[in-house]
Amino acid sequence: MPKKKTKAADRDAEGKIPGRPGAEAPSLAEPVEPRDPLPPKPDQRGPGSFTSTGQPSGGTAQIRAQGGEFLTTATGTRLPDTDHSLKAGPRGPTLLRDHHLREKITHFDHERIPERVVHARGAAAHGIFRGYGTAASLTRAAFLAKDVETPVFVRFSTVLGSRGSADTVRDTRGFATKFYTSEGVFDLVGNNIPVFFIQDGIKFPDVIHAGKPHPDREIPQAQSAHDTFWDFVSLHTEATHHTIWNMSDRGIPRSYRMMEGFGVHTFRLVAEDGGTVLVKFHWKPKAGVHSLVWEEAQLLGGLDPDFHRRDLADAIEAGVLPEWELGVQVFPDTEEQTFEGIDLLDPTKIVPEELAPVQPIGLMTLNANPVNYFAETEQVAFHVGHLVPGIDVTDDPLLAGRLFSYLDTQITRLGGPNFDQLPINRPHAPVNDMLRDGMHQSAVHAGAAPYRPNSLDGGCPFHAPGGYIEAPVPVEAGPRGRLAPASFDDHFTQPRLFWLSLSPAEREHVIAAYTFELSKVYEQVVKERQLMVLARIDPVLCREVAAGLGLPVPDGAPEAGPQPSPALSQVGQSWPTAGRVIGIVAGPDLDAVRTVRQAVFDGGMVPLVIAPAGGVLPGPGEPVAVQRTFAAARSVEFDAIIVAGAPSPAADARGARDAKAGVNCGQLDPRVVMLLGEAYRHAKPIGGWGGAREVFDAAAIPASAPGVVSAGEADDVLEKVTGLLARHRVWERFPSTLE
């Protein structure tokens with residue numbers, strides 16, 4: 001008989017490392033004693049307990065979940081067997097009368113609904129938003145009042161890829177928040193980039209068709225590095241501003257937790273006295289803004305395509321709750337709807353924060369993972385027209401298109417007009433909408449008069465005093481036509497502003513991104529046309545990309561540069577280190593490994609122990625669980641790496657078994673040497689003690705290099721490495737010759 005697995009051999013006996021798949025540890029043998037379904041894990045929470053018409057049900061999430069200890073049909077009939085279809089004899093044909101087979105297979109055949117055309121790949125979490133009260137003079141929206149707590153559900157996503165694509169592709173990210181307010185649902189549906197490719201919603205199919213895989217081969221997946229995308233944006237120069245953001249580090253965030261969010265459009269807030277202002281919404285992550293470097297993104301696409309969704313779920317499970325402040329830039333609601341010469345109705349423009357500071361108005365904390373991906377993350381339906389009193393839209397022509405498109409999309413994807421009745425979409429305010437019937441109607445409406453005015457139902461529903469009213473702003477009269485204001489014609493001032501605001505290292509990354517993407521383009525003329533666009537942003541940018549492509553530098557020059565906006569750079573600030581992942585390469589000093597591991601936990605970070613083999617570290621004392629082996633670990637999983645001495649080659653350090661072990665590093669395991677080399681190349685903090693210096697030398701890491709700590713005891717090394725982590729990267733390791 002196999003030996004019983006001891007607690008010490010668990011992946012994480014203390015339960016501190018996130019990633020456990022279930023609420024309880026499984027048994028070795030198949031359970032046979034009937035019992036009720038396990039509850040969700042402590043980090044999970046389902047949609048709120050509300051009826052399809054927004055009434056509190058008084059029940060728990062378990063009421064909506066599967067219940068009972070025995071297998072049943074969809075209508076509750078218990079089943080003794082679901083492993084064998086009904087046949088005419090043991091070897092006979094399967095019978096058509098097998099109702100259980102038909103129900104089971106039919107439901108399986110229809111498990112999938114049409115995926116979103118854009119934002120198909122997503123991850124989500126539940127949370128709470130707490131108003132600061134600082135918006136009280138700007139808007140009558142009740143959820144923004146002081147200390148009001150509002151449940152939220154947030155979905156992050158990539159734009160171009162299918163549901164099966166990778167998380168770490170270079171792409172725009174969606175940042176959509178559903179507020180279940182006391183006055184109805186408010187959806188703030190934005191991106192991690194504050195501008196968009198187009199100025200008018202009628203062009204949305206064009207930019208998406210250009211960015212999606214080529215229609216003949218259905219490749220490349222979740223990438224913009226191909227002909228149709230660059231053909232479009234090089235001809236359609238209003239996309240230039242969004243494109244340069246995407247080519248920057250912002251296009252590959254380190255984590256959803258370290259990603260800004262923007263409402264993109266200008267909205268109108270209406271105060272209690274009827275006064276109005278124009279605003280732009282911003283989400284500011286408390287963990288700071290941080291990105292992957294391109295090589296990390298490429299490695300993660302193969303090593304862990306689910307990196308971002310795993311990071312979000314693990315952080316919540318580990319108790320390191322992601323937080324963002326919601327803020328607004330506020331502008332006078334003038335007839336021109338401009339600010340400092342910037343057209344506020346143009347979604348390809350920003351207002352620099354130095355001109356209009358972001359004023360914090362509330363804090364969002366994500367505190368629970370979904371119980372079921374399909375029921376929540378996949379079925380959640382956002383709509384920019386989900387508004388509450390005090391928040392109104394403007395005449396932004398892209399926003400106008402979205403007001404139609406989002407509603408139309410949900411009807412198609414979710415099978416009819418009643419998508420708001422799905423549990424994840426249900427409002428937490430009473431609903432009496434007089435809307436009836438349709439596919440998937442789950443409310444049982446009473447009454448004889450779904451119309452008004454009526455007397456048969458006592459006049460109900462009545463008009464609501466103080467309900468939602470569109471702000472009565474004047475509408476300019478003009479000729480009918482397919483028109484745009486002249487201010488929409490400036491496509492290059494703000495891309496230049498963005499370029500000038502970046503640090504030299506960030507500019508190097510932009511050059512590399514344009515060079516890589518355009519090198520994947522087949523048609524030479526498309527490359528040449530895009531270089532003409534870059535020439536109008538900056539001569540250095542154009543010259544360096546042209547050199548990488550082996551093409552001549554085209555004529556053209558930018559106009560006088562605007563003043564840089566330091567707020568657009570990710571470099572130069574310090575951030576909290578809570579939730580960061582520290583890799584600890586185990587060495588002979590087990591006591592020091594235990595001490596450092598506990599200190600990492602105490603600092604609110606996550607330690608992952610890396611060792612020659614899985615299980616627990618051999619040796620006396622309290623067992624230390626191993627999370628990664630030398631064969632499985634890669635530097636892209638970690639924000640910093642600490643080496644506890646010189647690790648000898650593991651038993652599997654053979655090229656035939658693991659190609660990463662094919663280089664002879666003497667008495668050191670070559671996988672650890674590669675791990676350190678990658679971390680150094682990606683400008684991550686590195687520390688070590690004991691024989692760690694030997695590993696650093698083998699990885700060609702200079703002792704005097706910035707961000708390398710190899711002197712002192714274990715706790716001193718950790719303290720210095722943690723201090724370096726606050727800057728996200730050791731930026732000095734990215735030297736630049738750019739002006």
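Which helix gives the most to the lining of the second largest cavity? Keep that in mind while colouring this predicted model by confidence: the mean pLDDT of the chain is 92, with 97% of its residues at 70 or more. Select residues 1-10 next, where the pLDDT is below 50 and where the model shows seven contacts beyond near neighbours in sequence. Where pLDDT is low, the predicted coordinates should not be read in detail.

Now turn to the interior, where the structure holds seven cavities of 30 Å³ or more. The largest cavity has a volume of about 160 Å³, and of the 20 residues lining the largest cavity, those to select as closest to its centre are Pro194, Phe262, His282, Gln329 and Ile350. Strand E7, residues 276-285, is the element that gives the most to this lining, with four residues, and the lining as a whole divides into 10 nonpolar, four polar and six charged residues.

Move on to the second largest cavity, which encloses about 90 Å³, and select Val159, Leu160, Asp171, Thr172 and Phe197, the nearest to its centre among 13 lining residues. Helix H3 (204-211) and helix H5 (240-247) are the elements that give two or more residues to this lining, and H3 answers the opening question, giving the most with three residues. Seven of the lining residues are nonpolar, five polar and one charged.

Finish at Arg268 in strand E6, residues 267-270, which counts as buried because its relative accessibility is 5%. The side chain of Arg268 makes a polar contact of 2.7 Å with the side chain of Asp333, and the residues that Arg268 touches beyond four places in sequence include Thr276, Gln337, Asp392 and Val473.

How values were computed: Residues are numbered from 1 along each chain as its sequence is written. This is a predicted model: local features need pLDDT of at least 70, side-chain atom pairs count only at pLDDT 80 or more; totals for chains, interfaces and linings use all residues. Side-chain values use heavy atoms; hydrogens and water are left out. Buried means under 20% relative accessible area, exposed over 50%, partly exposed in between (1.4 Å probe, protein chains only). A polar contact is a pair of N or O atoms within 3.5 Å; within protein, one must be able to donate a hydrogen and the other to accept it, and residues adjacent in sequence count only if both atoms are side-chain atoms. Contact means heavy atoms within 4.5 Å. pLDDT is the predictor's confidence in each residue, from 0 to 100. On a 1 Å grid over the protein atoms alone, a cavity is a set of points where a 1.4 Å probe fits but cannot get out, and a pocket is an open set with protein on both sides within 12 Å along at least five of seven lines; lining residues have an atom within 4 Å of a point. Grid points are joined across faces, edges and corners, and a volume is the space filled by probe spheres set on the points. Ala, Val, Leu, Ile, Met, Phe, Trp, Tyr, Cys and Pro count as nonpolar, Asp, Glu, Lys and Arg as charged, and the others, Gly among them, as polar.
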